[in-house]
Amino acid sequence: MIIPELLSPAGDLERLKVAFAYGADAVYLAGKALGMRAKARNFEIDELREGVKYAHNLGKRVYVTVNIIARNEDFVNIEDYFHELGDINPDALIISDLGIFDVARKILPDMEIHISTQANTTNFASVNFWKSLGASRIILARELSLREISEIQARSRGVELECFVHGAMCMAYSGRCLISNYMNGRDANRGGCSHPCRWDYALVEEKSGAVIPVFEDDEGTHIFSSKDLCMIEHIPELIDAGIRSFKIEGRMKTVYYVASVTKTYREAIDDFVSDPELYVSRIPYYKEQLSKICHREYTTGFYFGPISENDHCYTDGSHTKTQDFYAIVDDYDPVSGFAFIQQRNKFGVGESVEIFKTSGENFSQVIDELFDIAGNPVISAPHPQQKLKFRTSQPVAQFDIIRRKI
């Protein structure tokens with residue numbers, strides 16, 4: 001059995017480190033140019049250099065997205081940017097545009113290139129075409145079924161296949177959306193998506209008389225809004241289809257999201273590889289963990305055939321949230337038992353919290369005392385990213401998360 005790579009999103013340097021702490025084999029990220037998530041914080045060149053060095057010291061991998069649908073002006077400084085990336089030496093570039101691909105091959109002939117899902121690769125002939133140009137991996141379109149992916153794998157030997165297994169789904173074909181451009185001038189194909197598919201709409205047809213059933217509440221309908229993808233119950237089928245890399249969506253998601261989803265899929269993959277029966281028995285646990293992140297209802301997308309009305313969020317495009325993310329652990333002193341933490345949301349003495357660990361079993365406890373870094377007792381943590389400490393009932397580690405059920 002080939003163990004699939006677990007690939008997590010990294011919207012900034014902290015989330016890169018958190019993804020690796022919770023079990024990711026690789027991360028994908030963007031510099032400040034030519035990436036599809038312009039509203040994410042993304043990486044300055046020095047941060048990118050630090051992130052790649054950090055990953056390589058752990059034996060992990062970093063893939064840099066250069067996957068916008070390019071216009072003429074995007075080629076002005078592109079060679080300089082590729083020379084900078086060559087000096088930093090990430091493990092691969094993620095590209096969708098043939099022109100950018102051509103420049104990358106000339107400037108960085110030894111760099112791995114992965115073909116972005118934005119290239120909407122849906123068949124074995126396209127996979128083999130990209131392979132003939134030198135691509136080493138294809139990130140397949142999200143519209144494919146497992147049956148189609150299996151056929152592509154069988155007819156395109158020698159190239160890796162990567163697929164999304166978890167996260168938000170775009171209503172447009174392979175993410176090629178024009179709604180954002182039309183509604184507010186932000187180009188979704190150049191990193192500026194404003195997610196108008198999550199807004200509420202009323203559908204009116206005045207001339208043809210066609211009857212289009214629309215489910216709505218008093219606020220309207222979210223007819224364009226998909227449920228979130230979740231394939232945690234189908235790890236065996238994904239592996240059998242020949243998918244080499246399991247990709248988690250979410251470069252604009254929180255540290256807590258990255259940690260929770262990465263850890264859950266890490267455990268599921270490892271459990272299945274070691275003992276398929278153990279994996280099956282723990283599916284309720286995996287689903288419970290994924291229910292604790294901010295998410296929409298879940299769907300399996302196109303993996304098992306065409307989607308139906310059950311895969312859309314007609315009456316609510318918002319997320320379900322069951323946990324508050326209170327703080328993240330910076331350090332731990334085993335002598336005093338103090339966890340040194342950075343606050344993310346307001347909390348205080350007397351609250352019962354859960355420690356979500358980078359590895360091993362989570363545990364719960366009550367916060368009996370809380371101190372600032374100088375050792376002064378405090379009742380609550382009202383200031384964003386305030387540095388605090390409290391004694392934990394069990395040892396903790398850097399990047400462990402303090403959370404509480406809402």
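Buried, in these legends, means a relative accessible area under 20%. The views are taken from a predicted model.

**View 1. One side of helix α6 is turned towards its packing partners.** In helix α6, which spans residues 146-154, Leu 146, Ile 149 and Ile 152 are buried. These residues cover an arc of only 120 degrees around the axis, which puts them on the same side of α6. An α-helix has 3.6 residues a turn, so residues three or four places apart point the same way. The elements against which the buried residues of α6 pack are α5 (124-133), β7 (160-167) and α8 (235-240).

**View 2. Strand β9 is covered on both faces and pairs with β1 and β7.** In strand β9 (residues 245-248), Ser 245 and Lys 247 lie on one side and Phe 246 and Ile 248 on the other, and all of them are buried, so that both faces of the strand are covered. Strand β1 (residues 5-9) runs parallel to β9 and is joined to it by 3 bridges, with Leu 6 having Phe 246 as its bridge partner. The pairing of β7 with β9 is likewise in the parallel sense and extends over 4 bridges, and here Phe 164 stands opposite Lys 247.

**View 3. The largest nonpolar core surrounds residues such as Leu 93.** This core has 90 residues, and those with the most contacts inside it are Phe 82, Leu 93 and Ile 235. Helix α9 (residues 255-274) gives the most to the core, contributing 10 residues. When neighbours within four places in sequence are left aside, Leu 93 is in contact with several residues, among them Val 64, Val 66, Phe 82, Leu 85, Ala 104, Leu 108 and Met 111; Glu 112 and His 114 also belong to its contacts. A second, separate core has 18 residues, including Ile 341, Val 378, Ala 381 and Val 396.

**View 4. Strand β12 lies between β11 and β16 in its pairing.** Of the 6 residues of strand β12 (residues 338-343), 5 are buried, so the strand is largely enclosed by the rest of the structure. Strand β11 (residues 323-333) runs antiparallel to β12 and is joined to it by 6 bridges, one residue pair being Ala 327 opposite Gln 343. The two strands β11 and β12 form a hairpin with 4 residues between them, and Gly 337 in the turn has a positive phi of about 80 degrees. With β16, strand β12 pairs in the antiparallel sense over 5 bridges, and the bridge partner of Gln 342 in β16 is Lys 387.

**View 5. Asp 400 is a buried loop residue whose side chain reaches backbone nitrogens.** Asp 400 is placed in the loop between β16 (387-391) and β17 (401-405), and at 0% relative accessibility it counts as buried. Its side chain reaches the backbone nitrogen of Thr 358 at 2.8 Å and the backbone nitrogen of Ala 397 at 2.9 Å. Not counting residues up to four places away in sequence, Asp 400 touches Tyr 22, Ala 327, Ile 328, Val 329, Ile 355, Phe 356, Lys 357 and Thr 358.

**View 6. Cys 163 and Cys 230 are buried in a structure without disulfides.** The relative accessible area of Cys 163 is 2%, and that of Cys 230 is 11%. The structure holds 0 disulfides.

Conventions: Residues numbered from 1 in each chain as written. Predicted model: local features only at pLDDT ≥ 70, side-chain atom pairs only at ≥ 80, totals over all residues. Heavy atoms only, no water. Core = buried A, V, L, I, M, F, W, Y, C linked by side-chain atoms within 4.5 Å. Buried < 20%, exposed > 50% of the residue type's maximum accessible area, 1.4 Å probe, protein only. Contact = heavy atoms within 4.5 Å. Arc of directions from axis to C-beta. Disulfide = S-S within 2.5 Å. Pairing = 2+ DSSP bridges. Polar contact = N/O pair within 3.5 Å; in protein donor to acceptor, adjacent residues only side chain to side chain.
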